[in-house]
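Let's walk through this structure together, beginning with the whole chain and ending at a pair of helices. Have the sequence and the model side by side as you read.

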Amino acid sequence: MSHRHRTQTHSTADNNPKSSVSDLDAVIVTGDVADDGSTEGYSRARELLGGYAKERGAPVFYATGNHDERAAFTEVLGCGHTRPDVVCNGSDSERAAASTIDGWRVVTLDSLVPGKGYGQISRAQLDWLRDVLAVPAPRDTILGFHHPPIALEVEVQRALGLQNADELAAVIRGTDVQLILCGHFHVQILGHLEQATVWVTPGVVSRIDLTARPGTEGAVHGPSASLVQLGTTNGPLIHTLHARDPRLGETVYEADEEEMRQVIEDLGPSRVSPK
C-alpha cells in the first residue's frame, strides 16, 4: 500500500461519448513518479509516459508522491507541467502548477512530506490555490495530488493519507473544483470532499488485497489505470483499466500486524506524548 507503490496514472478523455484511450486530452500522473527518486527514474518516466501521450496528442501532468525527491523531479520535470498558466513558488521547492486544457483547469499539488508516508498540503500551496480558484475556469477545475483526502476504515490509510483534508476542503468549498484525482492507497475508492468527486486510482503495478486480516496488509499483482470522461450529463464517468498481466493475482508482499504497526510508527505523523 502506501509504503510500497508506483506511479498512479489517470487518463482524462474529452466530452466525446466515443472517447477511448486512443483519444485523450490529458494524462495526469499523481505520483509516485520515480520510486527511487533518481533523475534516471524521472527521465525514464518522461520517456515512457511522454511517448504514450504524444501519440495521442495529449500533454502529461506530474505530481509528487511520497517516494519522490523534489530536486531530481524538478531537474527533469520542472513544475510537472510543460506550459503552465501559473506556478506556485513555495519556500520548500514544492511542485504545484495550473494549466488550462480545452477550458478545463488542471491543478497539481505537492502533498509530499520528505521522509514520511503521510501527506500534507502546505499553507503556501493552499493560499496559492485559493488565489487561483478566485477566478473560475471556462469549464471546471480538476485537482491532482498523491495522498487521498478520504480513506476507508483502515488504520494505515487514515495514518498515511492527507492529514489536512479539512484545510483543503475549506479552500475548495463553493469553487469550481469538481474532481480530485489521487493515488497512494493502491485500491480504487470513490468519495467526496465538499462538492468535488474524489477518485483514488489503483496502482499501476500492484493492488491491495482488502480481504487480508484486519491489521495486516497484502498486495497482489494487478496493474491498473483510470480513464476519466468529463463534460457528460452524468459525469465525471470513471473507468478502471486493467492490464493483461500474466502474474495477475500473485502475491507481491504480505505484512503482519507488527510490520504494519512499524510502518505507521515510522511513516505516519509524529505522536505527541501526553504530559
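What follows goes from the overall fold to one helix contact.

This is a predicted model, in which local features need pLDDT of at least 70 and side-chain atom pairs count only at pLDDT 80 or more, while totals for chains, interfaces and linings use all residues. Residues are numbered from 1 along each chain as its sequence is written, and side-chain values use heavy atoms, with hydrogens and water left out.

Start with the whole chain, which has six helices and 15 strands (DSSP runs numbered from the N terminus: H or I of at least four residues for helices, E of at least two for strands). The radius of gyration, taken over C-alpha atoms, is 18 Å, close to the 19 Å that the globule rule gives for 275 residues, so the chain is as compact as a globular protein of that length. That rule is 2.2 Å times the number of residues to the power 0.38. Of the 275 residues, 54% are buried, meaning under 20% relative accessible area with a 1.4 Å probe, protein chains only.

Now turn to helix α1 (residues 39-54) and helix α2 (residues 70-77), which pack at an angle of about 40° with their axes 9 Å apart. Axes here are lines fitted to C-alpha atoms over the stretch in contact, and angles run from 0 to 180 degrees between N-to-C directions.

Which residues of α1 meet α2? They are Thr39, Tyr42, Ser43 and Arg46, and their partners in α2 are Ala72, Phe73, Glu75, Val76 and Leu77 (contact means heavy atoms within 4.5 Å).

Notes: Buried means under 20% relative accessible area, exposed over 50%, partly exposed in between (1.4 Å probe, protein chains only).
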